[in-house]
Amino acid sequence: MNKIHAAITAVQGYVPEYVLSNRELESLVETTDEWIISRTGIKERRILKGEGLATSDMAVHAVNGLLKKRGISAEEIDLIIFCTVTPDMPFPATANILADKIGAKNAWGFDLQAACSGFIYGLTTASQFIESGKHKKILVVGGDKMSSIIDYTDRTTCIIFGDGCGAVLVEPNEEGNGIMDSILKSDGSGRQFLNQKAGGSLRPASHETVENKEHFVFQEGKTVFKFAVTNMADVAAEIMEKNELTAEDIAWLVPHQANKRIIDATASRMGLGSEKVMINIERYGNTTNGTIPLCLWEWESKLKKGDNIVLAAFGGGFTWGAVYIKWAY
Ligand code: UT7
């Protein structure tokens, strides 16, 4: 029997309608369209507006579209891995909420928290359940309502993040395609540079934490940039070397969209021209767990069976890693 790989067999994304442009940000904080574009590559991002709407609501759009595309019902799903830093609630898991909203009655699920590397952590986790034969259909969802934890008076963070969600279906493949390898890393000593200080057991919510704005994203941008630019490029190069892939062998790099300069450095380290790099940061900003599945969704029609694809991410934690995929359809 051929080895079973875990393959992505469908992908779908969802971004909310509201466009938050650099021009609008100019009216909120001391910044300019020119500064934001030159330092990050971002022109606009989407924001989920409306009372009572949360991360799971974006996921419902993405997953319902995905199920329709693949022609299967929600009841066929075995497992939901929901990668997010903005769960609907601290508990229960957003995976459970999503399962209820879409009618995935036979699935179990959990939330996975690895900041901007969440989706590649989730994909790797899903691949283990498929390769072992335990499950046949797994949803890996990556999505965040970043606007719920962003301080729109802080110019160092509010220009970067946006809302959005993507989902993939992972199934067994016996044709030699699918997730071939992954390298995942973490270094918790980086937690001081990118975090949300309050709301956990260390700093439970209080008047003080609210007044101090500790429920918003804090980032020491320069330091995170330094670690991101080195580690994302290093791990992408490492997965190429480990799998004896040259730049010519690679059809696409799918990088986490945190900063155009970090993406360019990673592509350059891999020896890839910009024509092989998926970039949509100019329209969506950094959607945290959403960036990679949203890219796959937007580029889906250009992907060919057997294409060698490298996903790479770096995020809070610190967490980082790369996944090597042979596209399955
Ligand atoms: O996805 C998770 C991982 N996150 C990342 O990978 C993000 C990594 N970091 C970055 O992308 C960049 O560090 C930022 C985009 C956040 C900031 O860019 P930077 O080139 O590192 O700027 P900086 O923080 O060094 O700030 C340079 C200057 C400062 O002014 P002074 O001190 O030189 O006078 C800032 O106050 O730019 C100022 N500045 C701004 N100016 C206009 C900071 N934010 C803004 C702004 N508009 N929005």
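Helices (H or I, at least four residues) and strands (E, at least two) are DSSP runs, numbered from the N terminus. The model is predicted, so local features need pLDDT of at least 70 and side-chain atom pairs count only at pLDDT 80 or more, while totals for chains, interfaces and linings use all residues. Residues are numbered from 1 along each chain as its sequence is written, and side-chain values use heavy atoms, with hydrogens and water left out.

The ligand comes first. It is surrounded by 23 residues, where a residue is near a molecule if one of its heavy atoms lies within 4 Å of it. The closest are T31, R39, K222, N259 and N286. Of the shell residues, 11 are nonpolar, seven polar and five charged; here Ala, Val, Leu, Ile, Met, Phe, Trp, Tyr, Cys and Pro count as nonpolar, Asp, Glu, Lys and Arg as charged, and the others, Gly among them, as polar. At least three shell residues come from each of domain 1 (5-176) and domain 2 (180-326), with bounds taken from an automatic or database domain assignment. Among the helices, α2 (33-40), α7 (221-242) and α8 (260-270) each supply at least two residues of the shell, and α7 gives the largest share, five residues.

Several polar contacts reach oxygen atoms of the ligand. A polar contact is a pair of N or O atoms within 3.5 Å; within protein, one must be able to donate a hydrogen and the other to accept it, and residues adjacent in sequence count only if both atoms are side-chain atoms. The side chain of R39 has an N or O atom 2.8 Å from a ligand oxygen, and for a polar side-chain atom of R155 the distance is 2.9 Å. G221 takes part through a polar backbone atom, 3.0 Å from an oxygen atom of the ligand. Taken alone, the ligand exposes 950 Å², of which the protein buries 75%; accessible areas come from the Shrake-Rupley method with a 1.4 Å probe, and for residues only the protein chains shown count as cover.

Two loop residues of the protein come next. H135 sits between α5 (118-131) and β6 (138-145). H135 counts as buried because its relative accessibility is 9%; buried means under 20% relative accessible area, exposed over 50%, and partly exposed in between (1.4 Å probe, protein chains only). The side chains of H135 and W108 are joined by a polar contact of 3.0 Å. Not counting residues up to four places away in sequence, H135 touches D78, L79, W108, F129 and I130, contact meaning heavy atoms within 4.5 Å.

T86 lies in the loop between β4 (79-83) and α4 (94-102). With 5% relative accessibility, T86 is also buried. Its side chain reaches the backbone nitrogen of K145 at 2.9 Å. Beyond neighbours within four places in sequence, the contacts of T86 include T55, G143 and D144.

The backbone has some further features. The loop between β4 and α4 also holds P92, and the peptide bond joining F91 and P92 is cis, with omega about 0 degrees. Another cis peptide bond runs from G317 to F318, with omega near -5 degrees; F318 is in the loop between β12 (308-315) and β13 (319-326).

A115, not a glycine, has a positive phi of about 50 degrees. A115 belongs to the loop between β5 (108-112) and α5, and counts as buried at 11% relative accessibility. E244, not a glycine either, has a positive phi of about 50 degrees. E244 is in the loop between α7 and β11 (252-255), and at 70% relative accessibility E244 counts as exposed.
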